Amino acid sequence: MSTASKATNPDSPLSPTGRAMPRPDLPPATLKKWLREMFLIREFEVRCMQAYQDKKIGGFCHVYIGQEAVAVGCVAAMEPRDPLVTAYRDHGHALARGMAPKYCMAEMFGKIGGCAKGKGGSMHMFDKSNNLFGGHGIVGAQCPLGAGLAFATKYEDEVISKGTSNRVTLCFLGDGALNQGAFHEAMNLAGLFDLPVIFVVENNGYSMGTSIQRGTTMGSNILSKAIGYGIEGVEIDGMDIVSVYASMKDLIDRCRRTSRPAMVDMRTYRYKGHSMSDPRKYRTREEEEKYEGHDPITKLEKHLKEAKLLSDDEKESMYEDVRTEVRECVKWAEESPVPSIEELYHDVYVEKWGPYTGTTPPAMLKEAGQ
Amino acid sequence: MTQLHAQTAADGEGTEVVPMSGLRDGAGAARDIEFRDAIREAMSEEMRRDQRVFLIGEEVAQYNGAYKVSRGMLDEFGPRRIIDTPISESGFSGLAIGAAMMGLRPIVEFMSWSFSLVAADPILNNAPKMLYMSGGQFGCPIVFRGNNGAGGQLGSTHSWCVEGLFSNVPGLKMVMPSNPYDAKGLMKTAIRDDDPVFFLESERLLSLKGHVPEAEYLIPFGKAAIRRAGTDVTIVSWGRPVHFCLEAAEALATEGISCEVIDGRTIRPLDWDTIYASVRKTNCCVVVDQSWSFASPGAEVAARVSLHCFDDLDHPVARVHSNDVPAPYASNLEQEMLPNARKICEAARTVVRRA
């Protein structure tokens, strides 16, 4: 195994940055859209951290700063009808999937305007209209669910509608989930049943404070796990959105054709702690700076600037626009009422018995006219 | 086990007495079929009716079911809908929950509910909470079913009575039929239900025969059946122990103690109105629950009856449970551990003060 040098994590992100991907000919408008989306997630997360410190957000809060290219690039490579399920570091996925930031923020504020009416919180973002089947709070728990979403789309094709849905499920997990039984059972079932699901391991090198080599065998080559299940494994540089998009597009297209599962070693890095209470004593400031030097937002900015596709003024104006949007979403969340006490008893059961008193759809579904 | 036939007590006084056979009006042709056949008929009928329903679990397809409950279903429905899994409860339970979130209606067979413990996270953390945590966006219409309770000298790991553990969780429904008629009618209701249903069968009852009409019927949740009407003491139970209650009632009748035996049929929801009405009539209550006593459904019945029928009770509610020990292997010890007619008789004599 690799020899750990001081406190730097050699297995962690970007050590080898994966295969050099052919850069597809992407329209400048697409690249700028991605830049805006990544910046929106980062700005949103910065505001979350402030709100958490101001005690406006309770419970646990896990921010996505550093990993933005993963969610934005993967979602860009998916179709809107493709199901997505993820773990508890889920704000980025929700925003990338198209949830309006105000519903996401209001959820964390514990307000009725939240995507789950304030009943889920930071770790449990759900958005039916955007095919987001949740953030899930138990490490690895979403893996069998992801296999099940893929099972259902395949069942729809084979039993109900005879081959019309043809959807691919993306199931995101952290490298910490590699050591959970649920992940391995899901991989086995996906391989066995030929399920159209891609397990995207957002490998940021740490499960909370435990580096991957302290917790995972073959930590420097996690795709070895895929071999055991007869599943294709692909390593992707998760700090480069063009690589993420191009590799995932290729993989998703293939999965749609073959209905074979895949596993992705998505090399990335979380700049902040595991949660808001994490002082990051288990790694060095040097290591963090090293990875911040590969920042996905800066990288795309630089590319656009060098290609003369984005002026400084245009960039600043875009960023200012995003800052305003996020400020407004914080304001909206603050002004959204807390759930009524009656809401405590809603959504326990679908039909009436016990304390159930009827459901009310979340604000976002109401506004979407659903 | 001894096959218990219907106790068709005529004494009604407004309360509905439903015999174990379930045949109240003689409607339709009736046959005697086994409990396992009743479950299979319910699943097959619902699968013919609704393409979204499928059965998944260990040995359900090619092996025809570890306990032959799904015998012949692979032939009729094919491998897309009768799905064999590896021994991987956490994986296939979670998979089925994901499928239910997408709108399918899975039936998950646990060979034994004892094995569901390795799937505790999906069945307790995902299925019953999905609707709530998503603010009403994603429900989980799923049935988990399989053998529950002591089978016969299987030792402690295979003899779980999970009703004690799982009935604690809001968001799920729990069914515990005592006879083939109920098993079929409740299973059909469970499959059509939009919430997760924990359906607890008993290996000891699978070969039990009973009348099941040819014609379709459903039994609603939360509606208990009075198996035997009586005036001196109310005995509340569900699942296999109902048979022990009837055995005890028969014995107590010879001593001049008239027992009213209530079969709850479903634990979540439990038919409190029927229980309270009976206790207000008899003024005495015994609850018989095969799970351990501490924090059990039986404890809940005792607590609520004490609260709601306090002024009607002549004696504190008596409780018959499995003894507070892991299930033993030795046959005599296992029999002593479980609720039985002797223990129920003793409890009933105590509450009617004829001990």
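Helices (H or I, at least four residues) and strands (E, at least two) are DSSP runs, numbered from the N terminus. The exercises below use this convention.

Residues are numbered from 1 along each chain as its sequence is written, while chains are lettered from A and ligands numbered from 1 in the order in which they are written. This is a predicted model, in which local features need pLDDT of at least 70, side-chain atom pairs count only at pLDDT 80 or more, and totals for chains, interfaces and linings use all residues.

**Exercise 1. Describe the overall build of chain B and the confidence attached to it.**

Step 1. Chain B contains 12 helices and 14 strands.

Step 2. The radius of gyration of chain B is 20 Å, close to the 20 Å of the globule rule for 355 residues, so chain B is as compact as a globular protein of that length. The radius is taken over C-alpha atoms, and the rule is 2.2 Å times the number of residues to the power 0.38. The C-alpha trace of chain B spans about 60 × 45 × 45 Å along its principal axes.

Step 3. Of the 355 residues of chain B, 59% count as buried. A residue is buried if 20 or more other C-beta atoms lie within 10 Å of its own, exposed if 12 or fewer, and partly exposed in between, with C-beta atoms placed from the backbone.

Step 4. Among the contacts in chain B with a separation of 6 or more, 78% involve residues 24 or more positions apart. Two residues are in contact if their C-beta atoms, placed from the backbone, lie within 7 Å.

Step 5. The average pLDDT (the predictor's confidence in each residue, from 0 to 100) of chain B is 92, and 92% of the residues score at least 70. Over residues 1-15 of chain B the pLDDT is below 50, and this stretch has 23 contacts in the model beyond near neighbours in sequence.

**Exercise 2. Work out the sheet of chain B, its edges and the helices that lie on it.**

Step 1. An open sheet of 7 strands in chain B has the order β3-β2-β4-β5-β7-β6-β12, with mixed pairing. Two strands pair if DSSP finds at least two bridges between them.

Step 2. At the edges stand β3 (82-84) and β12 (266-268) of chain B, each pairing on one side only. Neighbouring strands of this sheet are turned by 20° against each other on average, direction ignored.

Step 3. Strand β6 (residues 173-175) of chain B and β12(B) run antiparallel and are joined by 2 bridges. Here B:M174 stands opposite B:R268 in β12(B).

Step 4. Helix α3 (residues 89-101) of chain B packs on the sheet and touches β2 (53-57) and β4 (105-112) of chain B, its direction making about 165° with that of β4(B). Helix α7 (residues 180-192) of chain B lies across β2, β4, β5 (143-147), β6 and β7 (197-201) of chain B, at about 155° to β7(B). Axes are lines fitted to C-alpha atoms, for helices over the stretch in contact, and angles run from 0 to 180 degrees between N-to-C directions.

Step 5. The peptide bond from B:R268 to B:P269 is cis, with omega near 0°. B:P269 is placed in the loop between β12 and α9 (272-282) of chain B.

**Exercise 3. Characterise the contact between the chains from the side of chain A.**

Step 1. The contact takes 41 residues from chain A and 36 residues from chain B.

Step 2. On the side of chain A that touches chain B, β2 (132-135), α5 (142-160) and α6 (181-193) of chain A each supply at least two residues. The most come from α5(A), with 12 residues.

Step 3. The residues of this side divide into 24 nonpolar, 10 polar and 7 charged. Ala, Val, Leu, Ile, Met, Phe, Trp, Tyr, Cys and Pro count as nonpolar, Asp, Glu, Lys and Arg as charged, and the others, Gly among them, as polar.

Step 4. The predictor gives the complex an ipTM of 0.92 and a pTM of 0.93.

**Exercise 4. Determine how helix α4 of chain A and the loop residue A:N131 are placed.**

Step 1. Helix α4(A) is mostly covered, with 8 of its 8 residues buried. Its buried residues pack against α1 (28-53), α3 (91-97), α12 (312-335) and α13 (363-367) of chain A.

Step 2. Just after α4(A), A:G110 takes a positive phi of about 70°.

Step 3. A:N131 is found in the loop between α4 (101-108) and β2 of chain A. A:N131 counts as buried because it has 21 C-beta neighbours inside 10 Å. Its phi is near 55°, a positive value in a residue other than glycine.
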